[in-house]
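Student: Before we discuss the details, could you put the sequence and the structure in front of us?

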Amino acid sequence: MSGTTEPFVPTARTKVKRAHERGHYDRETVYAILDAGLMCHVGYVIDGQPYVTPTAYWREGDRVYWHGSSASKMLRHVKQGPPVCFTVALMDGLVLARSGFHTSVNYRSVMAMGQAEMIEDPADKLAKLEAMLERIVPGRWPELRAPTAQEVKATTVVSLKLEEVVAKVRSGGPIDDDEDMDLDVWAGVVPTPTTIGAALDDPALKAGVAQPANLAKIRIG
Ligand SMILES: Cc1cc2nc3c(=O)[nH]c(=O)nc-3n(C[C@H](O)[C@H](O)[C@H](O)COP(=O)(O)OP(=O)(O)OC[C@H]3O[C@@H](n4cnc5c(N)ncnc54)[C@H](O)[C@@H]3O)c2cc1C
């Protein structure tokens, strides 16, 4: 049901076993991670061959969406509704322990399983493409030339309903063995934040076109 606040129910596929205390099934955690990312990986199998395709995505309600050329092998396959595994991973820091064994990474990640559905209706597709542009730069869609019917036709948009979903989060410092705590080895966390750089004008930019204020609204990480 769209808009539900109920947590996801762990299944045999989404029950976290390794470091199970890092597993989260509440929508708030899952949605916050999905809304912080821009790049996902879509896993699927064609003729017994596994593929994992990195691509951009966005979330609306209880669905994630991704898009691309209608000629894309990945999209031509997943729009038929085979099982897919969708993941998003954000790295927050390098966790440097007193031993290699306990060296780790701080992260937030989500894994979702299911079957993607194609957005068929051109008006729906256009609305989804607008949502994608607005996710990247809030307020940009109205500034752009409107898409042509051919551009919309040449684009496939698919969505995955978030039903079988889990988040896994590691935070905090190293977890060393007691007997290592007196070692003269530096330990701690090196943050690895995702930063938005200063915008660079297209060298071919028309004279007098200024950078829009909405570039400051770009959020990732
Ligand atoms: C940036 C990053 C770096 C990482 N580096 C390492 C590393 O170097 N070594 C290492 O061992 N692990 C690392 N992990 C954790 C890794 O993703 C796995 O959680 C871990 O390897 C255990 O895998 P498993 O198959 O045994 O998990 P299991 O607990 O057996 O997995 C069961 C189910 O739990 C869910 N699940 C497991 N892991 C995740 C996850 N990360 N996000 C969402 N759902 C998950 C899936 O639904 C999976 O089917 C890293 C994660 C991230 C995001």
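The questions and answers below go from the chain as a whole to its strands, its core, its loops and the shell around the ligand.

Student: In what order do the elements of the chain run from the N terminus on?

Tutor: This is a predicted model, and everything said here should be read with that in mind. Its secondary structure comes to 4 helices and 10 strands. Read from the N terminus on, the elements of the chain follow the order β-α-β-β-β-α-β-β-β-α-α-β-β-β.

Student: Among contacts between residues at least 6 apart in sequence, what percentage join residues at least 24 apart?

Tutor: The C-alpha trace spans about 65 × 50 × 35 Å along its principal axes, and of the 221 residues in the chain 19% are buried. When contacts are restricted to residues at least 6 apart in sequence, the share that joins residues at least 24 apart is 73%.

Student: Over how many bridges do strand 4 and strand 8 pair?

Tutor: Strand 4, residues 63-69, runs antiparallel to strand 3 and is joined to it by 4 bridges, with Arg-59 and Val-64 as one pair of bridge partners. In the hairpin that these two strands form, 2 residues lie between the strands, and Gly-61 has a positive phi near 60°. Strand 4 also pairs with strand 8, residues 155-161, where Thr-155 is the bridge partner of Ser-69. The pairing of strand 4 with strand 8 is antiparallel, and its number of bridges is 7.

Student: Which element gives the largest share of the largest nonpolar core?

Tutor: The largest nonpolar core has 30 residues, and those with the most contacts inside it are Val-64, Val-110, Ala-112 and Val-158. The element that gives the largest share of this core, with 4 residues, is strand 5. Leaving aside residues up to four places away in sequence, Val-158 touches several residues, among them Tyr-65, Trp-66, Leu-75 and Ile-119. The element asked for is thus strand 5.

Student: Is Asp-47 buried or exposed?

Tutor: Asp-47 is found in the loop between strand 2 and strand 3, and its phi is near 50°, a positive value in a residue other than glycine. Most residues other than glycine have a negative phi. Because 4 other C-beta atoms lie within 10 Å of Asp-47, this residue is exposed.

Student: Why does Ala-19 count as exposed or buried?

Tutor: Ala-19 has its place in the segment before strand 1, and its phi is also positive, near 50°, in a residue other than glycine. Because Ala-19 has 10 C-beta neighbours inside 10 Å, it counts as exposed.

Student: How far apart in space are Glu-143 and Pro-212, C-alpha to C-alpha?

Tutor: Glu-143 is found in the loop between helix 3 and helix 4, and it is exposed because 10 other C-beta atoms lie within 10 Å. Glu-143 and Pro-212 are 69 residues apart in sequence, while their C-alpha to C-alpha distance in space is 9.4 Å.

Student: Which element gives the largest share of the shell around the ligand?

Tutor: The ligand is surrounded by 14 residues, of which the closest are Lys-17, Tyr-107, Ser-109, Met-111 and Lys-168. The elements that give two or more residues to this shell are strand 5, strand 6 and strand 9. By residue class, the shell divides into 8 nonpolar, 2 polar and 4 charged residues. The largest share, 5 residues, comes from strand 6.

Conventions. Residues are numbered from 1 along each chain as its sequence is written. This is a predicted model: local features need pLDDT of at least 70, side-chain atom pairs count only at pLDDT 80 or more; totals for chains, interfaces and linings use all residues. A residue is near a molecule or strand if its C-beta atom, placed from the backbone, lies within 6 Å of it. Ala, Val, Leu, Ile, Met, Phe, Trp, Tyr, Cys and Pro count as nonpolar, Asp, Glu, Lys and Arg as charged, and the others, Gly among them, as polar. A residue is buried if 20 or more other C-beta atoms lie within 10 Å of its own, exposed if 12 or fewer, and partly exposed in between; C-beta atoms are placed from the backbone. Two strands pair if DSSP finds at least two bridges between them. A nonpolar core is a set of buried Ala, Val, Leu, Ile, Met, Phe, Trp, Tyr and Cys residues joined through C-beta atoms within 7 Å. Two residues are in contact if their C-beta atoms, placed from the backbone, lie within 7 Å.
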